[in-house]
Amino acid sequence: MAGFWYVLMLVFEVLGGCWLDKKLWGKFYTPYFFLSVPYLVVVLFTILVSGHFGLVSFYYPSLLPWIAGLPMFLLASVVFYGCSRKLKPYPGRLYGTALIESVSPTLTWRLPFAFLVFLILFARLVVLMFDKDLSCAVGSECFGDLFASHGVWGHLLLLALSFMIFFEACFENPLNDSKWVFSNKNHWLWIVFLLLLMLTLIHQVKNWIILPVLAGLLARFISGRKFKWTYVLWMGLGGIAVFFLSYIVIYLAGDSMFSDPTFGGQLKEIFGLLVHYVTSGTLGLSLDMQQGVIETIDPHYVLTPFYNIWYTLTGQELVSGYSPDFLHTGLNYTNVRTFFGTLFVYMGKGGLVWMSFLCGILGYLTLWLWRRYGGLVFLCVYAWVLVILCMGWFNSYVQLLATWEVPFWILAAGLVDRFYLKRVRTF
């Protein structure tokens, strides 16, 4: 019975917070919405399947970090709105097709530069493929890790992700009948986007395949492009398809990571892994709090990039943002604890409160920049922030350098547009 009241309180906070945020900002696509609603859907699904299919039972008090964190995140929305409402929007901002046409000249350097990034990474791929001392097959997770997870190769892949978001926001469906659709630039946008997407599939990190694609779709929607609610369904199915495809690539590469060697058996085990993936954050936090929280407070698991910047400057050993504490959900092991869960276990109750508010301020800053100034660059940064928050049902991403580096590259490319070309205003 106590579990019912925990769930009821969470539902009230999510729905009430979304209503208030829409009243303030005029739209429902706010940081609060993208953080809270996906989590609510996933946690309800977790409660439904927990105790079945081999999964452990759900521990309802694990909802408390979200019940405490969401109001602080919403408070940041109220505070930021109150401080910024007197500032009028920039008069030259554009929406819809006009926004895309305004940045068309920037593609004269973005397209060839992105293609150059692809060629460099493809050359890296070819060199690894013909390395006789390499035991990993192309398509395996081992190969993907060697390919572009470290050093300059990792930074180049993140640069490629930033171009993917920008290009996806720009191109049109080739089935539509318009001059822009059938222009040479639109053809090249599709070609280069798909080439970069191929590299992310080889990299074999599912989040960095799905997140830039979702960010590009969100950017199109937020900018006033044509949108149907059926797109949400297709986005969900597309994410599941990418998940299955990535493991099928591993299977075709000859990696025997599953017990059943047949193709049908592989699909069945991949489905089980999908259920585990969806519930790993919520059940991970549930198991953790049920055992009294096995982690010790250690902020470097939340503020990893900032610690590592300081450690780099001072010559100290870098630290990892990945938790070493694994718990078994009944299907597999997990080391993720959802967004607010990660803040709670590694920063304590006080850290949960102020970090929830600070993350809210950063999220609404990107919303305000887009609403105030418009432009495709700020739009893509905001869309990226939304998909990062959307993954809060899984884990916190603020401790990963990639979370910060992708918007850095988007902004850096925008500066090239503004100060080098001097013809367009993409911010």
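Start with helix 5, where the buried residues are Leu107, Trp109, Arg110, Leu111, Ala114, Val117, Phe118, Leu121, Leu125 and Leu128. Keep in mind that you're looking at a predicted model. Helix 5 covers residues 107-129, 23 residues in total. From the first C-alpha to the last, helix 5 reaches 32 Å, close to the 33 Å you'd expect at 1.5 Å a residue.

You can run the same kind of check on helix 3, which takes in residues 64-84. With 21 residues at 1.5 Å each, helix 3 should span 30 Å, and its end C-alpha atoms sit 31 Å apart, so the two agree. As for what is tucked away here, the buried residues of helix 3 are Pro65, Trp66, Ile67, Gly69, Leu70, Phe73, Leu74, Ala76, Ser77, Phe80 and Ser84.

Now for how helices pack, starting with helix 7 (residues 151-170) and helix 9 (residues 207-222). Their axes come within 8 Å and cross at roughly 35 degrees, and the crossing is right-handed. On the helix 7 side, the contact is made by Leu161, Met164, Ile165, Glu168, Ala169 and Cys170. Helix 9 brings Trp208, Pro212, Val213, Ala215, Gly216, Leu217, Ala219 and Arg220. Sort the residues of this contact by class and you get 11 nonpolar, 1 polar and 2 charged.

Further along the chain, look at helix 13 (residues 339-373) and helix 14 (residues 376-390). Here the axes come within 9 Å and cross at roughly 150 degrees. Angles over 145 degrees count as roughly antiparallel, and helix 13 and helix 14 are therefore roughly antiparallel to each other. Their crossing is left-handed. Helix 13 makes the contact through Gly363, Thr366, Leu367, Leu369, Trp370 and Tyr373, while helix 14 uses Phe378, Leu379, Val381, Tyr382 and Val385. By class, the contact between helix 13 and helix 14 has 9 nonpolar and 2 polar residues, with no charged ones.

Finally, zoom in on a single residue, Thr46, which lies in helix 2 (residues 31-49). Is Thr46 buried or exposed? Its relative accessibility is 0%, so Thr46 counts as buried. Which residues does Thr46 touch, if you leave aside its neighbours within four places in sequence? Thr46 is in contact with Phe58, Thr279, Thr282 and Leu283. The sequence alone wouldn't show you how Thr46 and Val278 sit in space: they are 232 residues apart along the chain, and their C-alpha atoms are 8.1 Å apart.

Methods. Residues are numbered from 1 along each chain as its sequence is written. This is a predicted model: local features need pLDDT of at least 70, side-chain atom pairs count only at pLDDT 80 or more; totals for chains, interfaces and linings use all residues. Side-chain values use heavy atoms; hydrogens and water are left out. Helices (H or I, at least four residues) and strands (E, at least two) are DSSP runs, numbered from the N terminus. The expected span of a helix is 1.5 Å times one less than its number of residues. Buried means under 20% relative accessible area, exposed over 50%, partly exposed in between (1.4 Å probe, protein chains only). Axes are lines fitted to C-alpha atoms, for helices over the stretch in contact, and angles run from 0 to 180 degrees between N-to-C directions. Angles under 35 degrees count as roughly parallel, over 145 as roughly antiparallel, 65 to 115 as roughly perpendicular and the rest as oblique. A crossing is left-handed if the near helix is turned anticlockwise from the far one by less than a right angle, and right-handed if clockwise. Contact means heavy atoms within 4.5 Å. Ala, Val, Leu, Ile, Met, Phe, Trp, Tyr, Cys and Pro count as nonpolar, Asp, Glu, Lys and Arg as charged, and the others, Gly among them, as polar.
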